[in-house]
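Please work through the following exercises with the sequence and the structure at hand. Each task is followed by a solution in steps.

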Amino acid sequence: MLSLNYRDGRPIYEQVRDGLRRLIITGAIPPGDKLPSVRGMAGQLAINPNTIQRAYEALEQEGYAYSVPGKGSFAALPQDVTDKRREELLSKLDAIVQELVYLGMSRQDVARRCTGSAEPS
């Protein structure tokens, strides 16, 4: 399900969070499905359960998961992902586009790249 890269500079909880987010976004974990238990995933990955709990809390803050007391954590429905998360991503995209333009890429090339029309020239 998930694999960790100990050479990655990111903290382990971020790798877990990003891996679970990717599984939720791609539909590998369908909306409404229960996420693995904190203890189960910690045992599978051989890491501290607190690390998994921190990743689950981050997913909840981003709107990709929700928890039900006594039942566990579940993948959120797509419409449950908050406008706040969308704005965060758009802000990051704006910063990336600004840097690409600064580095000499035309806005048209950036737009083509975003639409998948062609590789930048």
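The exercises below treat a helix, a hairpin, a nonpolar core and salt bridges.

This is a predicted model, in which local features need pLDDT of at least 70 and side-chain atom pairs count only at pLDDT 80 or more, while totals for chains, interfaces and linings use all residues. Residues are numbered from 1 along each chain as its sequence is written, and side-chain values use heavy atoms, with hydrogens and water left out.

**Exercise 1.** Determine what span helix α4 should have at 1.5 Å a residue, and compare the distance between its end C-alpha atoms.

*Solution.* Helices (H or I, at least four residues) and strands (E, at least two) are DSSP runs, numbered from the N terminus. The expected span of a helix is 1.5 Å times one less than its number of residues. Helix α4 covers residues 83-102, and its 20 residues should therefore span 28 Å. The end C-alpha atoms lie 28 Å apart, in agreement with that value. After α4 comes Gly104, with a positive phi near 105°.

**Exercise 2.** Describe how strands β1 and β2 pair.

*Solution.* Two strands pair if DSSP finds at least two bridges between them. Four bridges join β1 (residues 65-68) to β2 (residues 72-75), in the antiparallel sense. Tyr66 has Phe74 in β2 as its bridge partner. Three residues separate the two strands of this hairpin, and Gly70 in the turn has a positive phi of about 80°.

**Exercise 3.** Identify the residues that touch the most other members of the largest nonpolar core.

*Solution.* A nonpolar core is a set of buried (under 20% relative accessible area, 1.4 Å probe, protein chains only) Ala, Val, Leu, Ile, Met, Phe, Trp, Tyr and Cys residues joined through side-chain atoms within 4.5 Å. The largest has 22 residues, and Val16, Leu20, Met41, Leu45 and Ile52 touch the most other members. Two or more residues come from each of α1 (12-26), α2 (38-45) and α3 (49-62). Helix α1 gives the most, with five residues.

**Exercise 4.** Which salt bridge does Asp109 form, and how are the partners placed in helix α5?

*Solution.* A salt bridge is a side-chain nitrogen of Lys or Arg within 4 Å of a carboxyl oxygen of Asp or Glu. Asp109 forms one with Arg112, the closest N and O atoms being 2.2 Å apart. Because the partners are three residues apart in α5 (residues 107-115), about one helical turn separates Asp109 and Arg112. Asp109 is buried, with a relative accessible area of 7%. Elsewhere, salt bridges with shared partners join Asp8, Arg10, Arg17, Asp18, Arg21 and Glu62 into one network.

Terms used: Buried means under 20% relative accessible area, exposed over 50%, partly exposed in between (1.4 Å probe, protein chains only).
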